[in-house]
Amino acid sequence: MAEWLFEEGIGEARAALVEGERILAARIELPDSLRVGTIAPARLRERQVAVLEDGSELLLDRAPPRVTLGARLTVEVTREAIPEQGRAKRARGRVTDAPAVAGASLRERIAATGLPVIEPRAHEADVLEAAGWSEVLEEARTGEIAFAGGALRMSPTPAMTLFDVDGDDAPDSLALRAATAVALAIRRHGIGGSIGIDFPSVTGKAARQAVAAALDAALPPPFERTAVNGFGFLQVVRPRPRASLPERLREDPVGAEARAALRRIEREPPSASPRHRLPEPVRARVLATPDWQDALLRRTGRLLIFE
């Protein structure tokens with residue numbers, strides 16, 4: 001039976017849906033993020049831009065009628081901010097009359113699935129790593145995803161997330177296996193919005209329909225898709241309430257690597273060497289974030305010493 005593994009880590013919360021020592025879904029949430037479902041007071045700064053009390057901007061779905069600029073209103077977050085190279089998509093929302101409430105945290109969202117939630121401790125066996133946590137992070141960072149007989153290259157872009165399929169097998173067989181691999185990767189990395197998949201060119205309508213059916217069988221709803229065209233391209237559209245794992249890690253790669261390093265250090269046995277060697281940018285980020293150092297000291301009772 002599938003179960004969630006959850007860790008309230010240093011600098012991030014992380015969760016993985018695991019079944020049979022395999023990660024089906026991996027999620028990371030940063031602290032103080034503006035979450036979907038948050039209802040809060042704001043002021044209208046532009047016709048469709050509201051500013052919350054903490055300074056967060058919200059792009060409204062429509063300009064509120066009979067509300068002047070600078071007026072107070074209550075808004076609900078319907079999509080979190082999406083990081084992109086060079087700029088970020090602002091969080092989206094709508095005007096509401098509902099009372100203020102905080103949006104559900106990652107821990108609350110996974111509990112709402114009804115599946116068991118396990119919170120392993122740092123001194124226990126690292127079941128998250130045993131299930132392949134580092135490998136999933138590496139997929140998200142590099143976009144390189146291997147599957148039996150081929151490989152995917154995942155490329156987040158401002159317009160869509162693209163998957164390119166490569167392999168040496170016959171096109172029909174390769175495309176069938178790739179369809180399942182892409183569907184699993186979409187779920188594993190929490191990818192939403194517009195998704196393009198460039199399959200090998202498959203000959204014949206029946207073969208193209210079989211590729212689409214394989215994706216349908218492995219990708220949980222809701223989603224919409226096109227057919228596989230004669231050039232092997234298929235497009236999927238899924239809800240996009242928050243950033244995917246690749247977008248989250250690529251937003252701040254040094255910070256992501258620093259948080260991963262602190263996770264490893266936290267799990268070292270008391271007998272391990274107290275000195276640690278990290279790449280200079282990662283070391284600098286840790287030293288520049290006293291809250292992370294204080295949290296590690298509280299959790300381990302050891303000072304962080306760098307070589």
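User: Of the 307 residues of the protein chain, what percentage count as buried?

Analyst: The model is predicted: local features need pLDDT of at least 70, side-chain atom pairs count only at pLDDT 80 or more, and totals for chains, interfaces and linings use all residues. Residues are numbered from 1 along each chain as its sequence is written, and side-chain values use heavy atoms, with hydrogens and water left out. A residue is buried under 20% relative accessible area, exposed over 50%, and partly exposed in between, with a 1.4 Å probe and protein chains only as cover. Of the 307 residues of the protein chain, the share counted as buried is 42%.

User: How many helices and strands does the protein chain have?

Analyst: Helices (H or I, at least four residues) and strands (E, at least two) are DSSP runs, numbered from the N terminus. On this basis, the secondary structure of the protein chain comes to 9 helices and 19 strands.

User: What percentage of the contacts with a separation of 6 or more comes from residues 24 or more positions apart?

Analyst: A contact means heavy atoms within 4.5 Å. The C-alpha atoms of the chain fill a box of roughly 65 × 60 × 40 Å along the principal axes. Among contacts with a separation of 6 or more, residues 24 or more positions apart account for 61%.

User: Which strands stand at the edges of the open sheet of 6 strands?

Analyst: Two strands pair if DSSP finds at least two bridges between them. The sheet has the order β12-β13-β14-β15-β17-β16, with mixed pairing. Each edge strand has a single partner, so one of its sides is left without a neighbour in the sheet; these strands are β12 (144–147) and β16 (224–225).

User: Which residue of β13 stands opposite Glu 144?

Analyst: Strand β12 runs antiparallel to β13 (residues 150–156), and 4 bridges join them. The two form a hairpin with 2 residues between them, and Gly 149 in the turn has a positive phi of about 85 degrees. Glu 144 belongs to the uncovered face of β12, together with Ala 146, while Ile 145 and Phe 147 form the covered face. Opposite Glu 144 in β13 stands Arg 153.

User: How many of the 14 residues of α7 are buried?

Analyst: Helix α7 (residues 253–266) should span 20 Å, because the expected span is 1.5 Å times one less than its number of residues. Its end C-alpha atoms are 20 Å apart, which agrees. The buried residues include Gly 255, Arg 259, Leu 262 and Glu 266. The helix is largely enclosed by the rest of the structure, since the number of its 14 residues that are buried is 10.

User: How far apart in sequence are the parts tied together by Arg 267 and Glu 7?

Analyst: A salt bridge is a side-chain nitrogen of Lys or Arg within 4 Å of a carboxyl oxygen of Asp or Glu. The structure holds 28 of them, and in one of these the side chains of Arg 267 and Glu 7 meet at 3.0 Å, N to O. Arg 267 lies in the loop between α7 and β18 (275–276) and Glu 7 in strand β1 (residues 3–8), so the pair ties together parts whose distance in sequence is 260 residues.

User: Is Glu 29, which meets Arg 109 in a salt bridge, buried or exposed?

Analyst: The side chains of Glu 29 and Arg 109 meet at 3.2 Å, N to O. The pair links strand β3 (residues 23–29) with helix α1 (residues 106–111), 80 residues apart. Arg 109 is partly exposed at 21% relative accessibility. With a relative accessible area of 9%, Glu 29 is buried.

User: What is the area of the nonpolar surface patch made by Leu 297, Leu 303 and Ile 305?

Analyst: Patches are made of residues with over 30% relative accessible area and no salt bridge; like charges are joined within 9 Å, and nonpolar side chains (Val, Leu, Ile, Met, Phe, Trp, Tyr) within 5 Å. Leu 303 is found in the loop between α9 (290–300) and β19 (305–306), and its relative accessible area of 62% makes it exposed. Areas come from the Shrake-Rupley method with a 1.4 Å probe, and for residues only the protein chains shown count as cover. The patch made by Leu 297, Leu 303 and Ile 305 has an area of about 260 Å².
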